[in-house]
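Thanks for making time this morning. I will go through one model, element by element, and keep to what was computed from it.

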Amino acid sequence: MSSSTEQGRDGRENADTLLEVSDLVTQFETYRGTVEALDEVSLTVGENEIVGIVGESGCGKSVTVRSILQLIREPGRIVGGEVAYHGRDLLELSDKQMRDEIRGTELAMIFQNPTNALNPAYTVGHQIAEVAREVRGVGDEEARSRAIELMDDVGIPKAEERYGDYPHEFSGGMKQRVLIAKSLACQPNLLIADEPTTALDKTTEAQLLDLVDEMREEYGLSVLIITHDLRVISRLCDRVVVMYAGQIVETGSTRDVIKNPVHPYTKGLVEAIPRLGDEQTDLESIDGTVLDLVDPNSGCRFYERCPIAQEHCRDEKPALEEKEPEQYAACFEV
């Protein structure tokens, strides 16, 4: 593992690095063969930083964060790499150690479907307070007070009155706020959000993204957010990691990557963003579909869809290299 003054595998300086993922490889065994879901994925998250992972469905975004939290279950397995949190390799910890010492205490996760993530048989206040009781060991009254305080912090109106309401009495956006409050009850250092704005209208989405940024400032959080929407990335994230078919193809500051994308895949994603006032009715799209990860080619996995690919791209894997100042891309042709 690199020291705090060296560069991480995503090219970023590691000063104040909270999480460093290096060469992470995750596979799934299926009746068709081995699915190479993650191929040497490396990324970092700094203290009080918001990092976004973006890409189409099936590109490995959720597998990445589940691997970080050791939530990969059979037929999946992590076969290589390192996940260093404050210098401690999480992949060397037992499931019990992860459960007791890391998940829900140091690292908390917000899942994309709040309805499934909340128990319909218990009030939302009870579910938030339970986290404070179980994880932080506080008494019932303190846990209740803390839950109401968190509900108020995340913008749930009349928090004390709504403490006794059940999940079905909340809208989708309010359920996501409940999940954020539940995660904050753990007092984590890193909040991981998996598609938190899925199925929300644009107004509610904007409010939720603003809330995440506010919570970052108020609680000193680092945030790792997964999305397929570059508009979410541009609104919220300091840096972006672009994934395609289990590989990182580009990373850099959000402003630089969206303003001047380097990798052909990133360019395709940027060109597909709808723009307000644009009279063009047909959006740009990337031809083809995500590569089948059973027996992929040994080179660039974007080869089949890439408009500038050369024959050697099929067999030679490009390294993630600095193409612009502090902007890295894995492509031979740019």
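Let me start with helix α1, residues 61-68, which is mostly covered, with 6 of its 8 residues buried. Buried here means under 20% relative accessible area, with exposed over 50% and partly exposed in between, using a 1.4 Å probe and protein chains only. Helices are DSSP runs of H or I of at least four residues, strands are runs of E of at least two, and both are numbered from the N terminus. The buried residues of α1 are Lys-61, Val-63, Thr-64, Val-65, Ser-67 and Ile-68. Just after α1, Gln-70 takes a positive phi of about 55°.

Before going further, the ground rules. This is a predicted model, in which local features need pLDDT of at least 70 and side-chain atom pairs count only at pLDDT 80 or more, while totals for chains, interfaces and linings use all residues. Residues are numbered from 1 along each chain as its sequence is written, and side-chain values use heavy atoms, with hydrogens and water left out.

pLDDT is the predictor's confidence in each residue, from 0 to 100. The chain averages 89, and 93% of the residues score at least 70. Over residues 1-7 the pLDDT is below 50, and that stretch has 19 contacts in the model beyond near neighbours in sequence. A contact means heavy atoms within 4.5 Å.

Next, the sheet. Four strands form an open sheet in the order β2-β1-β4-β5, with antiparallel pairing. β2 and β5 (88-89) stand at the edges with a single partner strand each, so one side of each is left without a neighbour in the sheet. Two strands pair if DSSP finds at least two bridges between them. Strand β1, residues 17-30, is joined to β2 by 10 bridges, and Thr-17 stands opposite Gly-46 in β2.

Strand β2, residues 33-46, also gives the most to the largest nonpolar core, with 6 residues. Such a core is a set of buried Ala, Val, Leu, Ile, Met, Phe, Trp, Tyr and Cys residues joined through side-chain atoms within 4.5 Å. This one has 93 residues, of which Ile-180, Leu-224, Ile-225 and Tyr-265 touch the most other members. Take Ile-225: leaving aside neighbours within four places in sequence, its contacts include Ile-50, Val-51, Ile-53, Leu-209 and Leu-236.

Now the other end of the chain's numbering. Strand β9, residues 239-244, runs antiparallel to β10, and 6 bridges join them. Tyr-244 stands opposite Gln-247 in β10. The hairpin has 2 residues between its strands, and there Ala-245 takes a positive phi near 50°. On β10, residues 247-253, 6 of the 7 residues are buried, so the strand is largely enclosed by the rest of the structure. β10 also pairs antiparallel with strand β12, residues 327-329, through 2 bridges, and Glu-250 stands opposite Ala-329 in β12.

His-263 is in the loop between α10 and α11. Is His-263 buried or exposed? At 1% relative accessibility, His-263 counts as buried. Among its contacts beyond four places in sequence are Val-249, Glu-250, Phe-302 and Ala-329.

α11 is mostly covered, with 6 of its 8 residues buried: Pro-264, Tyr-265, Thr-266, Gly-268, Leu-269 and Val-270. What covers them includes α9 (230-236), β9, β10 and α10 (254-259).

That brings us to the aromatic rings. Rings of Phe, Tyr and Trp (its six-membered ring) pair if their centres lie within 6.5 Å; planes under 30 degrees apart count as stacked, over 60 as edge-to-face and the rest as tilted. The count by this rule comes to 3 aromatic pairs. Tyr-244 and Tyr-265 have ring centres 4.7 Å apart and planes at 55°, so that pair is tilted. Tyr-244 is in β9 and Tyr-265 in helix α11 (residues 264-271), 21 residues apart. Tyr-265 and Phe-302 have ring centres 5.3 Å apart and planes at 65°, so that pair is edge-to-face. Phe-302 lies in the loop between α11 and α12 (312-315), so the pair ties together parts 37 residues apart in sequence. Tyr-244, Tyr-265 and Phe-302 form one aromatic cluster.

Last, two charges over rings, where NZ of Lys or CZ of Arg must be within 6 Å of the ring centre and within 35 degrees of the ring normal. Arg-144 lies over the face of Tyr-163, at 4.6 Å from the ring centre. The charged end of Arg-162 sits over the ring of Phe-170, 3.9 Å from its centre.
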